[in-house]
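Biologist: I should like to learn how to read the features of a structural model. May we go through one together?

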Protein chains: 2
Amino acid sequence: MNKRFVSVAVLAAAISTPTVAQMSVEDQIETRQAAYQFASWNMGKIKAQTVDGSAAFDQNQVAAAAKAIAAVANSGMSVLYSRDSANDRAENTRLKPNFFEEPMKVQEIAVSFVREANALQELAAAGDQAAIARQFAKVGETCKACHDNFRAK
Amino acid sequence: MNKRFVSVAVLAAAISTPTVAQMSVEDQIETRQAAYQFASWNMGKIKAQTVDGSAAFDQNQVAAAAKAIAAVANSGMSVLYSRDSANDRAENTRLKPNFFEEPMKVQEIAVSFVREANALQELAAAGDQAAIARQFAKVGETCKACHDNFRAK
């Protein structure tokens, strides 16, 4: 078993790869961008209602938004990443090729994203606004870690 | 209270409008397209695993996909629809202006989408493959109802 195979297997186990027909590179790119954009919209709602105070706190809305972020985190996005979909080979993407050279780092961030997003979902269901705000920041750190490492400017 | 106000209020109550700052028309369009695309990807996984049999049935994956679809349905997408974002006034969208002329029809479909997606989430958690396949079809009907009425070809 070569190193690459081991890393991919570990990554797949960590973020639950759905067994589906291989997608085109274009579909992978559009789908991962859509998933992150949907997550981002929901992060914005939680930020507005628990951090900035620019919108009234509504627990139902915050709980729904946290579920949406957790759903993205748990959706098995690893199938949306193929080597040919990085920005040295594909158009309309900011994915850097080093994503495929640092699988342990990817795995670590992906696992953190799942863990922190699941924790946010639980706290949002419980409804303590300050606790939600703190956990929102932890989720945001996992987004940022991925972008700093693997997303082009 | 004029008719328009009543309809909007009913619609808002039905699909839980988050209280956030008004988004730009471009952001509304991109975000709603992202949300539906994310839902569509997850519908495809359930179809492959429970209807077509083109991928092995994995209950964890199907349950996660159903959660993702329900998260979209419950995300308060009504804030992503403004009159100026229809395809007679905005670029890069297939939203037809009649969306804003038929609010009761929009509401009916949106409420069905939430109900059927929540039922799919419950059935997927329970794990009966045939029941999931049947409920998948019901969710698909609500997608189609909206597209037939409000999405341009």
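Modeller: Let us start with a single pair: the side chains of A:Asn42 and A:Lys45 are joined by a polar contact of 2.8 Å. A polar contact is a pair of N or O atoms within 3.5 Å; within protein, one must be able to donate a hydrogen and the other to accept it, and residues adjacent in sequence count only if both atoms are side-chain atoms. This is a predicted model, in which local features need pLDDT of at least 70 and side-chain atom pairs count only at pLDDT 80 or more, while totals for chains, interfaces and linings use all residues; side-chain values use heavy atoms, with hydrogens and water left out. Residues are numbered from 1 along each chain as its sequence is written, and chains are lettered from A and ligands numbered from 1 in the order in which they are written.

Biologist: Is A:Asn42 buried or exposed?

Modeller: Buried means under 20% relative accessible area, exposed over 50%, and partly exposed in between (1.4 Å probe, protein chains only). A:Asn42 is buried, at 0%, whereas A:Ser40 is partly exposed, at 47%. A:Asn42 lies in helix H2 of chain A, and A:Ser40 is placed in helix H2 (residues 25-52) of chain A; helices are DSSP runs (H or I, at least four residues), numbered from the N terminus.

Biologist: Which residues does A:Asn42 touch, not counting residues up to four places away in sequence?

Modeller: Contact means heavy atoms within 4.5 Å. On that basis A:Asn42 touches A:Ala65, A:Ala68, A:Ile69 and, in the other chain, B:Ser75.

Biologist: How are two copies of a chain related?

Modeller: Two copies are related by a rotation about an axis and a shift along it. Here a turn of 180° and a shift of 0.0 Å along the axis lay chain B on chain A with an RMSD of 0.0 Å, which is the relation of a two-fold axis. The superposition is by least squares on the C-alpha atoms of residues with pLDDT of at least 70 in both copies. In chain B, the C-alpha nearest the axis belongs to B:Ala34, 2.1 Å from it.

Biologist: How much area do chain B and chain A bury between them?

Modeller: Buried area is the accessible area (1.4 Å probe) that two parts lose on being put together, summed over both. Chain B and chain A bury about 2200 Å², 66% of it on carbon and sulfur atoms. B:Phe38, B:Trp41 and B:Gln61 supply 27% of the area that chain B buries against chain A, more than any other three residues.

Methods:
Helix = DSSP H or I, 4+ residues; strand = E, 2+ residues; numbered from the N terminus.
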